[in-house]
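Here is a friendly walk through one model, written for someone who likes cut-offs stated alongside the values. Please keep the viewer open as you read.

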Amino acid sequence: FLSEFAPVSDGEQPCIQLEPLKNTHSPCKPTPSRTVLAEGSPKATANGVHDIEDRILRITGYYGYNPGYSSHRREDGLDSRAETPGSETSSETRSFHTCANTVLKVLGGLLMVLCISSSWVGTTQVVKLTFQSFSCPFFISWFSSNWNILIFPIYYSGHVFTTREKQTPIQKFRECSRLFGEDGMTLKLFIKRTAPFSILWTLTNYLYLLALKKLTSTDVSALYCCHKAFVFLLSWIVLKDRFMGVRIVAAIMAITGIVMMAYADGFHGDSFVGVALAVGSASTSALYKVLFKMFLGSANLGEVAHFLSTMGFFNLIFISCVPLILYFTRIEHLGSLSSMPWGYLCGLAGLWLVFNILVHVGVVLTYPILISIGTLLSVPGNAAVDVLKHEVIFSVVRLAATCIICLGFLLLLLPEEWDSVTLQFFANIADKKSEEQGEELTESSVNTRSRSRANGTVSIPLA
């Protein structure tokens, strides 16, 4: 090719040398003239050298010229392209992907909140409908808990569709069995680890269903939200979690709401018993969650699915004797198999299964605070259904108690560093206000000087 670039030192301008070609044209055709850049001609910058060279090659018409293929492009074009635009594009792409992932996670969390609240409201309302023709709360609890066996097969189906490295069900089951120890799950570990959690799970559901026989769905769902305060108190005492004054206030508000709910009907009758049953359900749920955090806190999604299915097996094998005892002692009259409301029972068990899956999966896929908000939103959801469908009229005391419990629940959702974050936020606002005041003072002083110059009162300095 025609041009050669000499190394350019710092402070020197790049120069272009054009060497003449040998006369390869026929004698009858005129040879192209050479174009020389004089010293007085405009010099091209480093970024514009290839443009001038392309122009010279196009004018002179030398052999083998392709537009946009100068020596500068051959030697330095790729480097310059990789230095400036590539880095900016990659940073912009990374920031775009980060923002997109955050938006998708928030939108998924909002969808998860709606699904959790809807499934819990549906579960509560279907229980009330089932009690109209089938009043056997323990059998309903036992039948619904058996459906937990399906959680691990559902998880494995998701694993097959979302991962490239497929594993057989036995391999995946053995991998998730490490939750019980390095040797996997044995009969002793199966009973030792699963029995306490299965008993607490059964008590939580059974007491919740008993409370629904005494109180409205709104009251029971509001009282169940007190489990968040009990979790904090147990974690503070047992797990030695950080002490937070605002959470102590929230726990006091939850207890106040419980007392007001019991006082609504004068501490007697079904109302007081229903409040006691709902508080018992919240207490056993809190104990279950604290023990789960203590022994299985580092479990992943597959291990949690394995554990819930294992509890379903334990419930089917060892707790099946309890419904039989209640049936033969006439405490719960089941009736014939054909007379049982299987549609309501299966719908209730399915909604309860969906709720449990969403709660445990949502903690992995989105923010845990959104899962708690989904549980809290079941209170206004049940209230809307009770007012519109069942025409329930709430007293002022019950409404006040429900609002106090929900407010305490929201206070418990505050992060541990909320106080320092809040102080930092107010400090930033104060700094901005001081800066704005300083700018206003500067502008006012400038305006005063300009007016004084216009009035001729500016002092002239002596030479």
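The report below goes from the whole chain to aromatic rings, single residues, cysteines and one helix.

**Ground rules**

This is a predicted model, in which local features need pLDDT of at least 70 and side-chain atom pairs count only at pLDDT 80 or more, while totals for chains, interfaces and linings use all residues. Residues are numbered from 1 along each chain as its sequence is written, and side-chain values use heavy atoms, with hydrogens and water left out.

**The chain as a whole**

The secondary structure of the protein chain comes to 18 helices and two strands. These elements are DSSP runs numbered from the N terminus: helices are H or I with at least four residues, and strands are E with at least two. Of the 463 residues, 37% count as buried. Here buried means under 20% relative accessible area, exposed means over 50%, and partly exposed lies in between, using a 1.4 Å probe and protein chains only. A contact means heavy atoms within 4.5 Å. Among contacts with a separation of 6 or more, 78% come from residues 24 or more positions apart.

**Aromatic rings**

A pair of aromatic rings is described by the distance of the centres and the angle of the planes. Rings of Phe, Tyr and Trp (its six-membered ring) pair if their centres lie within 6.5 Å; planes under 30 degrees apart count as stacked, over 60 as edge-to-face and the rest as tilted. By this rule the count comes to 24 aromatic pairs.

One of them joins tryptophan 201 and tyrosine 288, with ring centres 5.7 Å apart and planes at 70°, so this pair is edge-to-face. Tryptophan 201 belongs to helix H7 (residues 187-214) and tyrosine 288 to helix H11 (residues 269-296), so the pair ties together parts that are 87 residues apart in sequence. Both partners are buried: tryptophan 201 has a relative accessible area of 12%, and tyrosine 288 has 9%.

Tyrosine 327 and phenylalanine 328 also form an edge-to-face pair, at 5.3 Å centre to centre and 70° between the planes. Tyrosine 327 is partly exposed at 32%, whereas phenylalanine 328 is exposed at 65%.

Ring pairs also link Phe134, Phe139, Trp142, Phe143, Trp147 and Trp342 into a cluster. Elsewhere, the charged end of lysine 213 sits over the ring of phenylalanine 131, 5.8 Å from its centre. That label requires NZ of Lys or CZ of Arg within 6 Å of the ring centre and within 35 degrees of the ring normal.

**Two serines**

Is serine 141 buried or exposed? Serine 141 is buried, with a relative accessible area of 1%. This residue is found in helix H4 (residues 137-146). Leaving aside neighbours within four places in sequence, serine 141 is in contact with Thr202, Asn205, Tyr206 and Leu209.

Serine 283 is placed in helix H11 and is partly exposed, at 32% relative accessible area. A polar atom of the serine 283 side chain lies 2.8 Å from the backbone oxygen of valine 279. The C-alpha atoms of serine 283 and leucine 203 are separated by 9.9 Å, although the two residues are 80 apart along the chain.

**Positive phi in loops**

Most residues other than glycine have a negative phi. The table shows two residues with positive values.

| Residue | Phi | Loop | Relative accessible area |
|---|---|---|---|
| Arginine 330 | near 65° | between H13 (321-328) and H14 (342-365) | 66%, exposed |
| Glutamate 391 | about 55° | between H16 (378-388) and H17 (396-412) | 65%, exposed |

**Cysteines**

How many disulfides does the structure hold? The structure holds zero disulfides, a disulfide being a pair of cysteine sulfur atoms within 2.5 Å. For cysteine 225, the nearest cysteine sulfur is that of cysteine 406, 5.7 Å away. Cysteine 225 counts as buried at 2% relative accessibility, while cysteine 321 is partly exposed at 40%.

**Helix H14**

The expected span of a helix is 1.5 Å times one less than its number of residues. For the 24 residues of H14 this gives 34 Å, and the end C-alpha atoms are 33 Å apart, which agrees. The buried residues of H14 include Leu345, Leu348, Trp352, Phe355 and Gly362.

Terms used: A polar contact is a pair of N or O atoms within 3.5 Å; within protein, one must be able to donate a hydrogen and the other to accept it, and residues adjacent in sequence count only if both atoms are side-chain atoms.
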